[in-house]
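Let's take a quick tour of this model, one region at a time. Have the structure open and follow along.

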Amino acid sequence: MILNRRVLRDLKANIFRYLSLFIMIVLGMTIVIGLCAAAETVIKWTNDSSVKNHIEDGQFSVFVPLADNNIAELEDKGITLEKNFYIDFLAEENSTLRVFKNRQKINLIAPDDGEVPVSENEIFIEKNYAKVHKISVGDTITIGKINFTVCGIGSAPDYENVMNNLSDIGNDTEKFSIAFVSDNAYEKLSKSGLSKKTETFLYSFLLNGKMTSDELKDYLLNIEFDENLITDKYLREMIDEANAKKNEINDGIAELSDGGNELTNGLSKLDDNSDKLNKAASSVFDAMLMSASQQLETTLTEENYAKALDDTYAQLEAVMPEKAALVAETKAQLDKLSEFKKGINSYTDGVAKAKDGSEKLSDGIKELQSKAKNLTDEYFTVNIPNLTSYLDAEDNPRIGAAADDVLINKVCAIFGGVVLLILFSYVISVFVVHNIDRESQVIGALYSLGYVKKELLRHYLILPAIITFLGGAVGTLLGILTTSCQYKGSIIYYSFPTPVNNCPAYLLVYGLVMPPLVSVIVNLLVINKKLSQSPLKMLRHEKKEHRISNVNLGKISFVNRFRIRQMLREIRASLTLCGGMLIALIFMMISVNCYAIVHNLSEQNKADTKFSYMYTLKYPPDTAPENSEACYAETLSKEIYGYDFDVTVMGIDNDSKYYDFDVSKLKKNEIAVSSSVANKFKISNGDKVTLSDKANNMDYTFTVKKIVPYSVGLNVFMDIDKMRSFFEQNDNYYNVLLSDKKLDIDTDRVYSCITYDDITSFADVIGNRMWGLIISIGTAAIVIFIVVMYLMLKMMIDRSAFSISLVKIFGYNDKEINKLYLGGSFWTVLVSALICVPTAKFIMDAFYPYLVSNVACGIDLTIFPVTYVLIFALIFVSYFIINYILTWRLKKISETDILKNRE
Amino acid sequence: MFIDVQNIKKSYGSGESRTQVLRGISAEIEEGQMCVILGPSGSGKSTFLNVIGGLDKVDEGNIFINGLDISKLKPKALSKYRRDYLGFIFQFYNLVPNLTVRENIQVCEYLTSSPLNIDELIETMGLTEHQKKLPSQLSGGQQQRCAIARALVKNPKVLLCDEPTGALDSKTAKEIMILLEEVNKKYGTTMLIVTHNTVIKDMVHRVIKIKDGMIYKNYINESLVPASELEW
């Protein structure tokens, strides 16, 4: 169609306008495609290398290493299991290196340079740590007072995000990283006694489809550990102490039992001789009785001797006093013997009873012994669940972190790309509509001559489609070429093998097809109505007067009236300017919010962290050391946006030196939620919050009683006594120590030690990472805003060129013309800014938590009021610069040229 | 009859502001005739031209063009009617500003499968040396010639001219009318010319005078005067 020859001429005639839009589209698509290609590269590469290096399906840690039979049993079930024990050591420049043995089956390390360690003096260092500390293959480093030669530099798939603790916000490979040594070297290091904390007994596993994760966890929960395998001296001590107490009681009872048996045996023997004794006593008495009977020539018995002898004495007392005395003596002897015999009888009866009693005593002691054993087994056995943590790979923030991170970038880039294209396409459509208005009579003539709407629609859609296609194509090409720049941030921050660029086909379709498609759709929707007017209306150049243009303005001055009418006439361009401002500000608010989150995190962490050291203990001493404060912490988890985050339940004293809030009035299942948790999980006062103990398959539901200002990590607080009761711990139990100074604690007791510097530096690490993004997005937003504002304001001037030349002819000077035609735009920009700035902030605040959904920190997006002032200042500085340029444009409009091309 | 207009009525507006522009017009025009429609401003002559051109709808009546009742046609069919039958010439030319003379003519060449020879047409219009110029580089007369060539290139059965000389000086206007006369003779195109310039009535075959929406005179011109001899 010959009409289409106009397209290039129109382009040439308005080259600046279309070039600026083309450049904007190129820039936008470069960033979008670059981000998407970078994301696809990182996602594919990390997934592929994880598979290649046998990434674990999960991991678990135990108090006591698993027994061989447990391992064998799991392997028989088809599970692949590998020890992934580690120890932390102080290394270069006060950093920490977590040392592992080289892996054979799971989570294989991937060298970027060099090789895996084989001999005893070789060490493999994580790549980002090596870069920061300027370590190369062949260098020597010292760990645990042992010199190692660096044999390789690379990464491990289970430490893609090289975090020290799973609850950390992010990583700082300057301060913490991982290293691998040979088996022998590891054994040497573990015996050196120079580790920063106790060894962690971690296992990685592959399910191989033979068991589910829940089945494996149940199996592990039911394993009792073999006490003989305990190497940890504190656990050994704890168990020995408990066993000693148990043994003491049981031994005591055993002694009692032995004593009882001896008593019974002794008494039995005595009882056995009781008859003999009784008989002997009777014999002696009977012999004496017989002798007395013979002497007295009478028969004396035990029953009558006393009377008989008394009678005999009475008879003889007066006559034969010596014989009477003899009789009395005999009676006395018989009395004594009778007593003796009775006494022996009583004694032997007593012995028999004692024997019965001792038999009963022995039976009772046996029963006591049996029950005491059960009791001591129950109360003196160290009942520690061996499984201390269990984590599936999908919930592990160290694994797949890079892919998760860039996935968010990708989604936002794709969405942002469409939004930008809609904006640019709409801007183009405003120009097309302007052209249609200008050429209305020509179009009417074409309709009169037989052209149909479809043909003209196609004609007017060509230029937008060409510009957006070319912009998209160039932007796609540049985006692909700059892919490595876009994922550079990921490589610097995360640890994975250096990727090969990947640009899936859908990105080419997105980059080449989406821009012209969006442009055609937007322009079609906008200009279809314009071209649907009847040929006669087009010929007559009839413009549809919107009611808004004819609004009654009352009694206001001519200048103001003119300006208002001018604004109303250009309502489409004004709305486009407002829309462009809104979109630019939404992008700018990404930068603003990034800055806010980093700044607030940094300031608040510094203000809220009152301790210098926080020790998390595996084996707390009986009493807390001097100058330290004991707390109790349990690590549970909560999910949001598909990510599981560790939430620490911290039990504190009411008069805690390190926390400024009162938890004493909280009941047993009530918590005070930190501001970071409240922000992250959108929790309010009075809410019920469920936190999970994944290792032990338990859920705990708490009621939120207050929200306290605390920004560090993700913490909730309880009164320590109520917490001990809630979690069924002893009255004095604690496992965290806070202090202002370094404590002298055996490192074997310590799980981890976090310092004030560790906490406060994290925000700086995140800030350093985000600055590039803040600047690039902020700059892009400013450019978009300026270009859209300039194009719209310029178009308003161009559309009014005829009337401007008329008023020049009437005698208005430049200043007055400026006031009439540009003065109103100030109010347009002001009103737009007043609406768009808070709207953009509101929209981005609602959307932003999704952008940082994988980050374990609260989202405080509060910005200083001065930030709003700066934004407004930026808007108006841009406006005044553009205004100045357009004033110059107004001066250029000539009266005669315009009158020649009359309307 | 080639063009047969039967009692057409047309009004605009509603209620109190309703204006009856055509109050029952009937006319017949033979094929190949040049017909002038005269009348003062607001008489309805342009409206009459527009309804014949299918640009406006009548309220009552019928319009037959070569047997085709265009008053009943839907918009799509009307577009086809204009494409196949009509050429239009306007007072202010309405050329596409960034196409050359030749390209402006080619704009309508595209609409037909049997166009006239462009080079011949350009020569007839006296635009050979101007064919690569843009409309802004032409005088009013040259632009109108270009518009005429554009309208004629698709060899229309009917040429509708709405004040073709209205924006031209008398000398140029005469040249344009001479050109139209030539075209009529050469191609046999039926022409309807709306104008308020009464001089033209002497050179055409039929004169229709409209006043207040009604034809008050409709006659055949028995003594044609060539356009070149008219006193402008």
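## A glycine after a helix

Start in chain B of this predicted model. Just past α1(B), B:Gly54 adopts a positive phi of about 75°.

The helix before that glycine, α1 of chain B, spans residues 45-52 and is mostly covered, with seven of its eight residues buried. The buried set is B:Lys45, B:Thr47, B:Phe48, B:Leu49, B:Asn50, B:Val51 and B:Ile52.

## The sheet in chain B

Staying with chain B, there's an open sheet of four strands, ordered β2-β1-β4-β5 with antiparallel pairing. At its edges sit β2 (19-29) and β5 (68-69), each pairing on one side only.

Look at the β5(B) end: two bridges tie this strand to β4 (residues 60-65) of chain B, and the two run antiparallel. If you want a spot to click on, B:Phe64 has B:Asp69 in β5(B) as its bridge partner.

## A nonpolar patch on chain A

Now over to chain A, where a nonpolar patch lies on the surface, with about 850 Å² of accessible area together. Its members are A:Ile466, A:Phe469, A:Leu470, A:Leu508, A:Val509, A:Leu512, A:Val513, A:Leu517, A:Ile521 and A:Leu525.

Two helices of chain A, α13 (453-481) and α16 (505-531), each supply at least two of the patch residues. The largest share, seven residues, belongs to α16(A).

Take A:Leu508, which lies in helix α16 of chain A. How exposed is A:Leu508? Its relative accessible area is 38%, so it counts as partly exposed, and that value clears the cut-off for patch members, over 30%.

Note on methods. Residues are numbered from 1 along each chain as its sequence is written. Chains are lettered from A and ligands numbered from 1 in the order in which they are written. This is a predicted model: local features need pLDDT of at least 70, side-chain atom pairs count only at pLDDT 80 or more; totals for chains, interfaces and linings use all residues. Side-chain values use heavy atoms; hydrogens and water are left out. Patches are made of residues with over 30% relative accessible area and no salt bridge: like charges are joined within 9 Å, nonpolar side chains (Val, Leu, Ile, Met, Phe, Trp, Tyr) within 5 Å. Accessible areas come from the Shrake-Rupley method with a 1.4 Å probe; for residues, only the protein chains shown count as cover. A salt bridge is a side-chain nitrogen of Lys or Arg within 4 Å of a carboxyl oxygen of Asp or Glu. Buried means under 20% relative accessible area, exposed over 50%, partly exposed in between (1.4 Å probe, protein chains only). Two strands pair if DSSP finds at least two bridges between them.
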